[in-house]
Amino acid sequence: MTQITTDAVHAGRENLHAAPRPHVPQLDLSSTYPLPDIDGAARSLSDLAGGAASAENPVYARLSNPTVAGFECALAKLEGAEEAVAFASGMGAITGCLLAARLRGAGHVVAVRPIYGGTDHLLESGLAGLDVSFTSASETDIQAAMRPDTGLVLLETPANPTLALADIAAVVSAAGDVPVLVDNTFATPILQNPIELGASLVLHSATKFLGGHGDAVGGIVAADSDWCASLRQVRIATGAILHPLAGYLFHRGLQTLPLRVKHAQESARTLANRLLEHPAVEQVFFPEFDAVWESLSQHQMRGPGALVSFEVAGGQAAARAALHSLRLMTPAVSLGSVDTLIQHPASLTHQIVSDEGKDQGGISDALLRLSVGLEDVDDLWADLAQALDARSTFKIAASA
Ligand SMILES: *Cc1c(COP(=O)(O)O)cnc(C)c1O
């Protein structure tokens with residue numbers, strides 16, 4: 001068994017070692033493939049349409065692509081899954097999971113709040129044709145929400161944007177026979193592998209840490225072969241495929257994922273501790289500060305990750321004023337990039353969540369979410385501290 005840092009570099013590249021092959025995965029941009037043998041091609045088409053992972057001939061880019069397949073193999077290995085299926089975005093991947101659950105007989109899903117704003121909205125909109133019950137992560141709440149036609153339980157831990165933690169194994173046990181999907185975008189496979197804890201599906205917005213450079217949008221789901229076959233059927237039918245260039249960039253991003261996550265996590269820990277001491281900060285959310293961290297760090301998470309959320313004294317106006325005063329950090333949505341990003345969830349990523357959903361998820365107006373990048377930590381702190389100090393000035397000016 002090789003270590004995850006080794007797998008991150010080599011997974012999905014195994015077939016490159018036979019000479020005389022190129023040293024890096026190839027970018028195959030073909031939309032279609034020559035089909036000299038029509039019977040063989042018809043067989044390939046029917047295999048792929050039925051959900052097969054690969055066939056003799058890829059036939060057409062909506063059915064299969066070798067560059068994307070390399071990224072899928074690599075991510076599956078890092079998550080300890082049999083296979084993985086990539087989609088055009090994280091939301092495309094979540095839609096794919098909901099439709100695959102329907103294909104497998106689901107009429108209802110249970111979702112633990114808080115959860116990414118887009119996911120919350122998709123579920124509440126009914127667009128996927130499924131009833132939804134939102135619950136807390138408590139086992140009794142989850143059990144109470146279950147129906148005979150419940151086909152999936154959705155969970156995010158650490159959750160967006162408050163970094164609330166849930167015990168994956170406990171949720172899996174509360175769900176009984178119903179498969180659990182864990183959105184692992186914040187933890188990445190470097191810090192947490194939900195399949196080891198009994199989850200059936202693990203999802204990533206690859207746009208975030210997997211790509212890591214803010215230049216590609218995509219999503220991916222790792223699961224057993226049976227689920228992946230359903231996911232590929234949905235992907236072919238709906239066309240939510242990942243572009244091969246994005247697949248190439250994500251596969252490349254995986255190679256530095258362990259180093260990026262560990263470095264950013266160290267800086268996040270430093271910033272979280274300094275924020276705790278800052279007079280303009282009312283509350284800091286960081287997995288290591290959570291009451292359940294002690295127990296979860298024993299069996300679930302290998303580190304707290306690179307996100308820190310905090311509430312600014314003075315509420316929404318003060319939080320926005322601090323954002324405006326930043327000079328080094330980029331005020332922007334998204335996360336997991338080489339550069340530090342900061343945003344106001346109540347106005348942006350979670351704007352679309354109902355007031356009730358915001359209350360249930362603990363998303364206050366004073367909350368800012370910080371995704372720590374790879375800059376020098378003292379430069380980051382200097383920027384954050386001057387912005388928080390400027391906020392204090394703003395408060396005095398506003399009250400004057
Ligand atoms: C960003 C994000 C998504 C959605 O991914 P996109 O690639 O933006 O579609 C889903 N879940 C979480 C936790 C996210 O942060």
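Pro158 is found in the loop that runs between strand S4 (150-156) and helix H7 (168-175), and that loop is a good place to start a tour of this predicted model. Pro161 has its place in the loop between S4 and H7 too, and so does Leu163. From there, this briefing moves on to the ligand site and then to two helix pairs.

**The loop between S4 and H7**
- The peptide bond that leads from Thr157 into Pro158 is cis, and its omega is near -10°.
- A cis peptide bond also joins Asn160 to Pro161, here with omega near 5°.
- Leu163 is worth a look as well: its phi is positive, at about 65°, although Leu163 is not a glycine.
- Asn160, the residue before the cis bond to Pro161, also turns towards our next topic, since one of its polar side-chain atoms lies 3.4 Å from an oxygen atom of the ligand.

**The ligand and its surroundings**
- Which of the 14 residues around the ligand come nearest? They are Gly90, Met91, Asp183, Thr207 and Lys208.
- Thr207 places a polar side-chain atom 2.7 Å from an oxygen atom of the ligand.
- Gly90 takes part through its backbone, where a polar atom is 2.9 Å from an oxygen atom of the ligand.
- On its own the ligand has 380 Å² of accessible area, and the protein covers 91% of that.
- Sorted by class, the shell around the ligand holds 7 polar, 4 nonpolar and 3 charged residues.

**Helices H4 and H5**
- Helix H4 spans residues 90-103 and helix H5 spans residues 117-125; the two pack at an angle of about 35°, and their axes are 10 Å apart.
- The crossing in which H4 passes H5 is right-handed.
- On the H4 side, Met91, Ile94, Thr95 and Leu98 meet Gly118, Thr119, Leu122 and Leu123 of H5.
- This contact of H4 with H5 has 5 nonpolar and 3 polar residues, with no charged ones.
- Met91 links two of our topics: this residue is among those that come nearest to the ligand, and it also meets H5 from its position in H4.

**Helices H3 and H10**
- Helix H3 (residues 66-79) and helix H10 (residues 244-277) have axes that come within 8 Å of each other and cross at roughly 35°.
- Here the crossing, with H3 passing H10, is left-handed.
- H3 contributes Thr67, Val68, Gly70, Phe71, Ala74, Leu75 and Leu78 to the contact, while H10 brings Pro244, Gly247, Tyr248, Phe250, His251 and Leu254.
- How do these residues divide by class, and how many of them are charged? The contact of H3 with H10 has 9 nonpolar and 4 polar residues, and no charged ones.

Terms used:
Residues numbered from 1 in each chain as written. Predicted model: local features only at pLDDT ≥ 70, side-chain atom pairs only at ≥ 80, totals over all residues. Heavy atoms only, no water. Near = heavy atom within 4 Å. Polar contact = N/O pair within 3.5 Å; in protein donor to acceptor, adjacent residues only side chain to side chain. Areas by Shrake-Rupley, 256 points an atom, 1.4 Å probe, with all protein chains shown as cover. Nonpolar A, V, L, I, M, F, W, Y, C, P; charged D, E, K, R; others polar. Axes fitted to C-alpha atoms, helices over the stretch in contact; angles between N-to-C directions. Helix = DSSP H or I, 4+ residues; strand = E, 2+ residues; numbered from the N terminus. Left-handed = near helix turned anticlockwise from the far one by under 90°. Contact = heavy atoms within 4.5 Å.
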